[in-house]
Amino acid sequence: MKRKIYEDFIQWKKNDARECALMVDGARRIGKSYIIEEFAKNEYESYILIDFNLVGDDVKSLFELYLNDLDTFFMMLSTIYGVKLIEGKSLIIFDEVQLFPKARAAIKYLVKDNRYDYIETGSLISIKMNVKDIQIPSEERHIKMHPMDFEEFCWALGDEITVPTIKEMFKKRGNFGPLYRKINTLFRQYIIVGGMPKAVAIFAETRDFEKTDRIKRDILTLYRNDIQKYASKDVEKVTAIFDEIPSQLQKHDKAFKFADLESEARFRGYEDAFFWLKDSGIMTPCYNTTEPSVGLKMNKERTTMKCFMADTGLLISHTFDENGIVSEEIYKKLMLDKLAVNFGNIMENIVAQMLTANGHSLYFYTNSSREDSESRMEIDFLVAKTSVTNKHNIYPLEIKSGKNYALSSIKKFMKKFPDQLCEAFVFHEGEYKIQDGITFLPLFMLTAL
């Protein structure tokens with residue numbers, strides 16, 4: 001399937017491959033190996049994919065015996081894989097390189113040799129764990145890969161028109177008219193299916209939500225197995241946070257409450273477990289910032305955050321898990337907004353996923369003052385403008401599901417920080433309008449922000 005990261009690979013090959021290897025990290029099952037092999041097939045005359053999940057001692061021994069004799073190293077490697085390596089025109093892929101750290105350490109010498117290009121893949125959590133006794137190569141450029149975004153989902157369904165239309169309408173600030181229902185239906189499908197490539201592929205082929213749900217549950221099982229395998233001393237705490245994410249997002253105040261995990265629990269006691277989930281790519285944190293200035297990171301409260309699932313399709317399967325599978329009936333009710341549940345947590349999660357895919361760091365603003373009601377407010381997300389100016393650098397975003405909602409927080413926020421804020425957005429399940437200086441847009445238009 002077509003992925004946007006492919007263009008990043010092209011730019012690396014064109015400008016930087018002679019100087020550094022490319023390390024592609026991200027969660028399990030997001031399609032790293034697939035898209036890299038497609039890139040190798042299309043952009044090189046030959047390639048070798050070394051999968052360290054499967055590789056034998058014959059290949060591993062090459063890294064131990066022949067790094068000081070690269071002529072022999074490449075001759076042996078070429079013979080084992082039956083692939084002719086062509087200087088300047090071949091790619092060597094180290095898949096799941098964290099499973100054999102000596103190969104990762106060898107990148108320093110292989111890049112310096114300058115005969116071939118190199119791409120590595122791995123999960124960040126296991127990459128960090130498997131660096132003992134090796135020198136991490138400076139000749140390594142990291143690139144983060146995410147689940148499929150809305151446009152990539154549309155591509156998988158054979159639709160290359162919808163998202164360019166959305167982006168054009170975002171510029172014009174116009175209404176979609178008869179197109180609104182069609183696009184919103186497609187967007188709801190994306191929310192429910194999510195962006196895990198195998199789930200998207202099954203849905204594109206069958207349009208069957210139950211079959212798609214089975215794939216997502218397989219991935220959730222894989223994640224649970226990874227927690228058991230890699231979280232070591234923090235297994236129980238990582239599992240507790242992972243299981244708590246759906247219920248925490250259901251609350252009006254979505255900031256994660258560690259005391260809900262056990263009496264008097266604090267962030268400090270769960271810090272390692274929290275960052276394990278973040279590094280694994282399973283969870284994405286959204287931090288509270290105390291001031292909506294251009295330096296959102298400088299004002300973040302490290303211990304106050306929301307915890308979103310990196311993929312909303314997985315969140316839905318994780319949430320409705322009482323019977324082991326989400327039935328077609330439940331999915332249809334979710335599609336039609338006929339299910340008697342709070343859909344707000346799912347909407348906020350898809351916004352977090354879309355903002356992350358577009359390169360934004362996640363921040364929100366909250367002030368729970370009991371003394372000053374005018375200061376008491378919560379803004380779902382804050383996004384910095386790409387081009388910094390003297391004033392008005394922050395977009396406040398409120399996410400609203402359903403038809404009846406209050407706007408008191410964003411109005412107070414606009415009044416309190418007039419110099420810092422740019423255009424204020426409410427993303428809702430309705431068409432474009434401007435009211436009280438606030439721009440209302442359909443949720444699916446977030447793909448253009």
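Which elements make a right-handed β-α-β unit with helix H17 (residues 408-416)? In this predicted model, the helix is joined in that unit by strands S11 and S12. Helices (H or I, at least four residues) and strands (E, at least two) are DSSP runs numbered from the N terminus, and a crossover is right-handed if, with the strands pointing away from the viewer, the path from the first strand over the helix to the second runs clockwise. Residues are numbered from 1 along each chain as its sequence is written, side-chain values use heavy atoms, leaving out hydrogens and water, and local features need pLDDT of at least 70, with side-chain atom pairs counted only at pLDDT 80 or more, while totals for chains, interfaces and linings use all residues.

Strand S12 (residues 424-428) is largely enclosed by the rest of the structure, because five of its five residues are buried (under 20% relative accessible area, 1.4 Å probe, protein chains only). Ala424, Val426 and His428 point one way, and Phe425 and Phe427 the other. Pairing requires at least two DSSP bridges between two strands. S12 pairs in the parallel sense with S11 (residues 394-399) over three bridges and with S14 (residues 438-442) over five. Phe425 is the bridge partner of Leu397, and Val426 stands opposite Phe440 in S14.

Leu397 also features in the largest nonpolar core, of 120 residues, being among those with the most contacts inside it, together with Phe150 and Phe274. Such a core is a set of buried Ala, Val, Leu, Ile, Met, Phe, Trp, Tyr and Cys residues joined through side-chain atoms within 4.5 Å. Helix H9 (residues 179-193) supplies its largest share, eight residues.

Technical notes. Buried means under 20% relative accessible area, exposed over 50%, partly exposed in between (1.4 Å probe, protein chains only).
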